[in-house]
Amino acid sequence: MSNQTSFHVADLPQNAPTPFELRPTGEALEAIKHELGLLGLRKLSFVGELRAKGKRDWTLTGKLGATVIQPCVVTLEPVTTRIDTPVTRVFLADWNDPDEPEFEIPEDDETEPLGTDIDPALIMIEALSLALPQYPRKDGAELEQAGFTEAGKQAMTDEDVKPFAGLAGLRDALKKGE
């Protein structure tokens with residue numbers, strides 16, 4: 001297996017898969033952690049292969065693994081998450097730009113235009129970014145209700161600001177008036 005981070009498409013064999021194995025350490029791992037705004041990043045690995053698909057297209061398949069530490073959205077305390085996810089990208093020689101008028105976006109988001117190089121390291125960082133929990137929460141962490149108001153007045157609660165909370169009372173008042 002190769003730990004090469006970029007492959008020149010013209011040099012890839014058409015009749016056999018090209019394996020890759022990325023396990024960044026040290027400064028590279030620290031740079032990825034910083035780029036993604038993580039508190040910690042350990043055991044990052046991306047293992048897979050590039051394979052010809054037809055005469056001009058290519059498929060990258062692999063497995064991404066990492067242990068990430070993010071701040072809890074409630075308490076800001078560290079939250080550790082293990083990520084293990086399959087990754088697939090299809091590189092198309094005849095790429096249709098989704099920004100063109102009347103272009104239908106395909107069901108999957110795995111297709112990309114084929115360039116002169118395929119870089120599994122960039123795909124690893126993108127896939128990790130997409131796999132991160134959007135709202136990491138420490139077990140048991142909940143938002144407390146806070147009330148703010150002028151002195152001498154009662155604070156509004158979450159129940160008070162629900163958009164349909166008063167409709168039941170209005171309906172009942174209208175029924176009494178019938």
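Two strands count as paired if DSSP finds at least two bridges between them. Strands here are DSSP runs of E with at least two residues, helices are runs of H or I with at least four, and both are numbered from the N terminus. With that in hand, Pro71 stands opposite Pro78 in strand E5.

Some notes on the model. It is a predicted one, where local features need pLDDT of at least 70 and side-chain atom pairs count only at pLDDT 80 or more, while totals for chains, interfaces and linings use all residues. Residues are numbered from 1 along each chain as its sequence is written, and side-chain values use heavy atoms, with hydrogens and water left out.

Now the overall picture. The chain has three helices and seven strands, in the order β-β-α-β-β-β-β-β-α-α along the sequence. It has 178 residues, and 28% of them count as buried, meaning under 20% relative accessible area with a 1.4 Å probe, protein chains only. Take contacts, that is, heavy atoms within 4.5 Å: among those between residues at least 6 apart in sequence, 59% join residues at least 24 apart.

Next, strand E4. This strand covers residues 57-71, and 11 of its 15 residues are buried. What does E4 pair with on either side in sequence? Strand E3, residues 40-53, pairs with E4 in the antiparallel sense over 12 bridges. One of the partnerships is Val47 with Lys63 in E4. Strand E5, residues 78-92, also runs antiparallel to E4, joined by 14 bridges.

Both connections are hairpins. Between E3 and E4 there are three residues, and Gly54 in that turn has a positive phi of about 75°. Between E4 and E5 there are six residues, and there Leu76 takes a positive phi near 65°.

On to strand E2. E2 and E3 pair in the antiparallel sense over five bridges, with Phe20 opposite Gly48 in E3. Side chains alternate along E2: Thr18, Phe20 and Leu22 point to one face and are buried, whereas Pro19 and Glu21 point to the other and are not.

How many aromatic pairs does a search of the whole structure find? It finds one. Rings of Phe, Tyr and Trp (its six-membered ring) pair if their centres lie within 6.5 Å; planes under 30 degrees apart are stacked, over 60 edge-to-face, and the rest tilted. The pair is Phe20 with Phe46, tilted, at 5.1 Å centre to centre and 55° between the planes. Phe20 is in E2, residues 18-22, and Phe46 in E3, 26 residues apart. Both are buried.

Terms used. Buried means under 20% relative accessible area, exposed over 50%, partly exposed in between (1.4 Å probe, protein chains only).
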